[in-house]
Structure formats: structure tokens, C-alpha cells
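Let's take a walk through a protein model, one feature at a time. Have the picture ready and follow along.

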Amino acid sequence: MGKLARGVAVIGAGMSKFGAFPDKTTRELFVEAFVEAVKSVDKGIETREIEALFLGNFSNDIFEGQVHTGPLMADLVGITPGPAMRVENACASGGAALRLGILAVASGAHDVVCVAGVEKMTNLETSRVTDVLASAADSVYEFSAGATFPGLYAEIANAHMRKYGTTIEQLRMVGIKNHENGALNPKAQFQSTIRDIMKARAERAKAKGLPAPSWKDEMDFLSDPDANPVIAWPLRLFDCSPITDGAAVVILAAEEVARKFTDTPIHVVGTGQGSDSLALHDREEITSLRAARVAAEKAYKMAGLRPKDIEIAEVHDCFTIAEIVATEDLGFFKPGEGGKAVEEGLTRRNGEKPINTSGGLKAKGHPVGATGVAQVVEIWHQLRGEAGARQVPGVEVGLTHNVGGSGASCTVHIFRR
């Protein structure tokens, strides 16, 4: 594993609002994110200067009945007749598209490319969305046996709790933290803290003349089976990321041309990707994701950095246990100590290792094909000091970690200002 053949930098980034938008199409979400990314380029950029599009998308064929989305999106914004392609790697589709875009620029094939991710999920009912997502699990041994992703990640959570003593309270602390971050992100699907949600529900009950709930604090609320029902034990509703519509876009340029577009490029210093069996039962262990460890090792080696050098990270918290496992796989904490780190506040915005300042998948939302790109949008803002109320002061090295399925694929990228 060597360095990239030539340097690559992020020169622009944008994203649509994340949420449920019945009145918007995939095309409109993509264009919204693309326009913001183009406007973010400090010295301006013409669409004709963008040579190719790499589009992360999981399942637009089922969600919206439209495939061939690469050239479709490229045509909308004027990237055609340059190459345009859809990249599918389950929930890591965006991260995989990013890696291909980086390699395309590093190889010298292109000087400037657009990497995007988009997903419009709320067209279908929740049960149908669950089935579509579950098609990224092993269709013979898992999906056909009734296993969906809440159940698979519940198995990971149970194993982690048995092996390391990770507690239910630590899982809930991940959700509380990420909702606090999401409350500061104007693009997040949920811009409310858990305490805000408690208060709103109590006021609604009072307005309806019902007995006011007697929750003492967030933990009490999250322990209430009526307010926070079990989805797959030990995971409850607030342990799960939501169904989301949204798009994200970043523009990459070779370092020798990046200064034409901005005086503050964010350099890609490490990229890694790993894979594993789809089915959990084929893995040696399920308290850690081998694909993530491999991807991280490759990215660290390329960057010449170690986990202690990472100052901020966006990790794939599709479920609260996933964030705890991610922080261990990335080497931020020893195996089994991720839950304790959350409890001690180490992953808060003012902690020694801020995790998911955007709100993460849990609060910002999880339009699966867009997630890996949206993580870069947050790191881009943070490293440029433009993250507003959720800004972590003085950060110069950031990381993104994007997982497909229950860990059969993972990309890790490292960025430096």
C-alpha cells in the first residue's frame, strides 16, 4: 500500500436537507445538493470543468422505479457527455463512490470530478423499506430466515454486551449525544435533543387532556416501552437511524489544480476499503467488523497517521451499537471500551475524540446511498472552521467511516486541512 499517485483535495461540498420529503424526487434532492456544492467553491467553478460523476445509490430502482441514475443526474447538471456511473455497495455506496472518484483523480484520468450520493426512501411504507434494506444481507441464510438489520445489529449488541459488559445505558448515551449534535445541524432530519422530544410529548399529552408523563430524565424516557418501544432486543426505537430522503455532493480536484478553485482545499491523505462475508454466522467474531479494521489500517498507513492523530470523525451509527463498535475498530478505544468512552463523555463535541458532530446517521438521517458522502460534507465544514454552532475548535485532521450492510463492506477516508 503506497501513497496516491498524485494528491487529491475536496474543493467544494453541499447537501440537501435530510428528512422525509413526499413532494420531492431523487432528481430534485441531487440538484439541491449539487448547487450548494458548486456555490461552496471559493473561487467559483463552471460545470463544464467537472469531468465525471460517481454517484452512490443503493436502490433507486425499487424506491423510485428509476435506474441508470448516473447519466440521469449528470445530464441534469451539465456533466454529460463526460462519464457518469452509479456505484452500489449497500449503505457504503457513497463511500465506495468517493473512493472511486479519488482513485480516478489520483490516476490522472481526470483533474476534477463530482462525487455524489442520493436516496429517496420514504416513497415506500416502512415494512417495504425494511425489506429493501434487508436485501443487502445474505438472502439465503439471513433475509429468508426473517433477519432484518435491526435484528442483525441486535445480535452484535448482545454479543458485545456478553463479551465486554457494555450496557444498555451506554447504547442510549450514544443516541442522546447524537441528538444533541443534530439539534445544532440545520440539515439534520431530527433537530431536537431527546430532552426536547420528551418535553414536546408531555405538552401534547397535556393538550389532549391526558395524564402528563412522569419521566425524570432522558434515561427514564428511553426506558419507557411506550415512548421507546423495543425493535429487536436490546435495540429500541431511539437506537435506530431513521428512514430518510437526501443527497450529498463533494467536488474533488487534483492538488495541482485545486488552488485554482480555493485557497482552503481539504486534502485526502488516506483511503481504505475492506470487505467480509455478508452473513454474520460466517465471521470469526461479531463484536468487531473485519472490513472496518482492514479499511482503517490501509487508510492510516497511506496517511502515515495513527488513531490518536484523528481529531474528529464521522462514523456509521446506523444503530447505537454500531458507533461503539466503530470507535473500537478504528482504534480510538481498545476493544470493549467504546461504551465506557461514551459514558465518560470522550466522544462528545468537547471530548477528546468528537464523534458524529453532524448528529450522525441517528439524528442527521440515513439516506443510505448519500450517507458516505454526507459524512465528508461534515468533515469538510469542520476542517474549514465553518460548522457553525457545532464547530469543534482547531481541528485539522478528520476521518469518515462508512459501512455497508452489517459490515460486509466498509470504506475509511482521512482528510487534512
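Is Ala-90 buried or exposed? Ala-90 is buried, with a relative accessible area of 8% (buried means under 20%, exposed over 50%, and partly exposed in between, using a 1.4 Å probe and protein chains only).

## Before we start

This is a predicted model, where local features need pLDDT of at least 70, side-chain atom pairs count only at pLDDT 80 or more, and totals for chains, interfaces and linings use all residues. Residues are numbered from 1 along each chain as its sequence is written, and side-chain values use heavy atoms, with hydrogens and water left out.

## Unusual backbone spots

Most residues other than glycine have a negative phi, and most peptide bonds are trans. Ala-90 goes the other way, with a positive phi of about 55 degrees. You'll find Ala-90 in the loop between strand 3 and helix 4 (93-106). (Helices are DSSP runs of H or I with at least four residues, strands are runs of E with at least two, and both are numbered from the N terminus.) His-68 also has a positive phi, near 60 degrees, but His-68 is exposed, at 60% relative accessible area.

Now for the cis peptide bonds. One joins Thr-80 and Pro-81, with omega about 15 degrees, and Pro-81 sits in the loop between helix 3 (69-77) and strand 3. Another runs from Trp-233 to Pro-234, with omega near 10 degrees.

## The sheet

Nine strands make an open sheet, in the order 3-2-4-7-1-8-11-10-9, with mixed pairing (two strands pair if DSSP finds at least two bridges between them). Strand 3 (84-87) and strand 9 (312-314) stand at the edges with a single partner strand each, so one side of each has no neighbour in the sheet.

Take a look at strand 3 again: four bridges join it to strand 2 (residues 53-56), and the two run parallel. One pair to look for is Gly-56 and its bridge partner in strand 3, Val-87.

## Cysteines without partners

How many disulfides does the structure hold? Zero. A disulfide is a covalent bond between the sulfur atoms of two cysteines, and here the cut-off is a pair of sulfur atoms within 2.5 Å. The sulfur of Cys-318 is 6.7 Å from the closest cysteine sulfur, in Cys-91, which is too far for a bond. For Cys-410, the closest cysteine sulfur belongs to Cys-318, at 11 Å, again too far. Cys-318 is buried at 6% relative accessible area, and Cys-410 is buried at 1%.
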